Structures are given as C-alpha cells and as structure tokens.
Amino acid sequence: MRGGQWLVCLLVMLLCSCSSPEKHSSGEGPAADSAAYYIPKDAASAAGKKNPHVDTVKITGLKFLPEQIDVNKGDTVIWINNDLVMHCVTEARNMNWTSYQIPAGGSWKKAFSQSSDYYCTIHQVMKGKIVVTDSATALLQ
Amino acid sequence: MKKISVFFSAAAVAGMMLTAIATAQSPKLTDPEIASVAVTANQVDIEYAKIAASKSKNAEVLNFAKTMAADHQSVIDQAVALVTKLKVTPKDNDVSKKLKSDGETTKKMLQSKSAKDFDKAYIDNEVAYHKAVIAAVKDVLIPQAQNADLKALLEKVLPILNTHLEHAEMVQKSLTKS
C-alpha cells in the first residue's frame, strides 16, 4: 500500500514539474502582457514570439494617438475615429495600402508585417508611423 | 501690384471678421445666437469651397476644398443635431449677418479672379478666414456658451479649424514655390 501511495505522489510531482515551466517559457507573465499569455508550441515561440494581438491607435482631435506605434510582426493595428469628421489612413511613400474613408465613430484594422509611415489624405498634416519588430529575431540577435 | 492686392483682400477678410467679433463682445451672445454664428461660419466656408471646386485645376487646392466642404458640413450636421436635441432654434444676430455679408463680398472677389490668380486668392483667404474663425471660437463663442453640450461641441470643432489652418498654410507654401 505504502509503495503504491509513493508512486502516485511521484507521478503527480512529475506532472507538475513538466507543465509549469512550459506555461511560462515565453518569459512573459500576465503582468507583462496579459493578452499574449499563452503556451508556446514551437522553438520560435519559446524564443519569445508573442501571439498576434491588436494594437489601438485613437484618432482624436485630428491626431493619431500614439503618433508612433511599435508592434510585433503579424500584429493587427486598429484605428478608432473619435472625431466629428471623416478620416483615412494611407501608406505615405507609395500609397501601397489605404483604409479609404473611416467615418466619424468608425474604425478600420490591418495586420502588419513591415514598418510603414502613413497619413490622412483628407487632412494631409495628420501623420503617423508603425514600427514593426520581429520579436523572435530580436531576441536571438 | 497683384501681390499687394491679394494681401489686402486676405487682410480685409481677417479685419472684417475681427470687426464682427468685436461687435459681439459688447452685446453678449446667447446660445441660440452662438449656434447661428457657428452654422453660418461653416456655411460660408462651404460656399468658398464650391467656388474652388469649379474654378481650380490644382490637385492640392481641389483636395483642400473637398476637405473643407466635407468637414464643415459634418460640423453643421452635428450643430443641427444638437440644437434639435436641445429644442433650440438658431437665432440670427449681428455677427452672423456680418459673416454672411462679408462672405458675399469675398465670393464676388473669388469669382472675379482669373484661373491663374484664383488658387492663391482662395488659399490666402482660407488662411485669413480660419485664423479669424479660430479667434472667434476660442475667445468669444466658447467662453460665452452656457449650455455644456454646445460648449463641448465648440471645443471639438477647434482642433478641426486648427488642422484646416495648418493644411491651408501647407498649400499656400506649395503655391508660392510653384
């Protein structure tokens, strides 16, 4: 009987010691980024790659807030128009992508794999920047 | 000579607006009067934009005029929605009347310009007009507005006007270069 109890205890301890490090091996706890808290499945994830998540840019008082946003590769950026007037978000160099018109109270989102400068073609003095970093590559360098 | 006349027409617009504001400072404006001034100021700029849309061939000027027409219409829509909610009827007053009559004079001036001189005359007027309207909203309309919703709407309009001024100055600079 005693030998059987020891075996059960040993199995429980082994299971606990296996699952615990796996859950935290991304190096981030809920305090670091609760939205990206997950169990990594591959080597890249183990090196620190986050789960793609959504970053918000508010359009308020005819400004992009924040004016520059740093995101991880593959993350989505959502622009929320809090102004009374229509805005748009357009890639600045070659107009490679555009939201077209975002009405007052509306929003628009896009996933990013590369950094971009952008502006509002309706109010051309409104400018913003998306800086994309590949977190896995950055950590390995 | 042309440069001097354009300067004087822009300065005259600012002067006329400031006269209108000065007259507003003695007789205090009520909320229905403030609503009327706000709607009129927006309507006047939409009318200037319509003239630009028909006379200009410059892409930057046309884009600016399109923005003016769309933004000032959005502000009017918001103001109308607010006065409807508050059950207030905008009331004509000396300032709104002066804005209308000055607007008519400026429209005639813009219509009389040749295609060659129009862009500069329009943009110079936009710079002067927005400077004057910003001063009016900031120093007269917001401080005198009694209703909190009306005051909040005017405060939300201020950054729109500031961005329009910045945009107009950008186009003005570009026209000077070309």
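Buried area is the accessible area (1.4 Å probe) that two parts lose on being put together, summed over both. For chain A and chain B of this predicted model, that area comes to about 1,200 Å², and carbon and sulfur atoms give 66% of it. Half the story on the chain A side sits with L84(A), Q124(A) and V125(A), which supply 50% of the area that chain A buries against chain B, more than any other three residues.

In terms of contact (heavy atoms within 4.5 Å), 10 residues of chain A meet 15 residues of chain B. The rule finds zero salt bridges across this interface, a salt bridge being a side-chain nitrogen of Lys or Arg within 4 Å of a carboxyl oxygen of Asp or Glu. The side of chain A that touches chain B has five nonpolar, five polar and no charged residues; here Ala, Val, Leu, Ile, Met, Phe, Trp, Tyr, Cys and Pro count as nonpolar, Asp, Glu, Lys and Arg as charged, and the others, Gly among them, as polar.

Turning to chain B, V37(B) is found in helix α2, residues 31-55 (a DSSP run of H or I, at least four residues, numbered from the N terminus). V37(B) is buried (under 20% relative accessible area, 1.4 Å probe, protein chains only), at 6%. Leaving out residues up to four places away in sequence, V37(B) touches L29(B), N93(B), V95(B), S96(B), L99(B) and L141(B).

Residues are numbered from 1 along each chain as its sequence is written, and chains are lettered from A in the order in which they are written. Local features need pLDDT of at least 70, while totals for chains, interfaces and linings use all residues.

Notes
Predicted model: local features only at pLDDT ≥ 70, side-chain atom pairs only at ≥ 80, totals over all residues. Heavy atoms only, no water. Helix = DSSP H or I, 4+ residues; strand = E, 2+ residues; numbered from the N terminus. Buried < 20%, exposed > 50% of the residue type's maximum accessible area, 1.4 Å probe, protein only.
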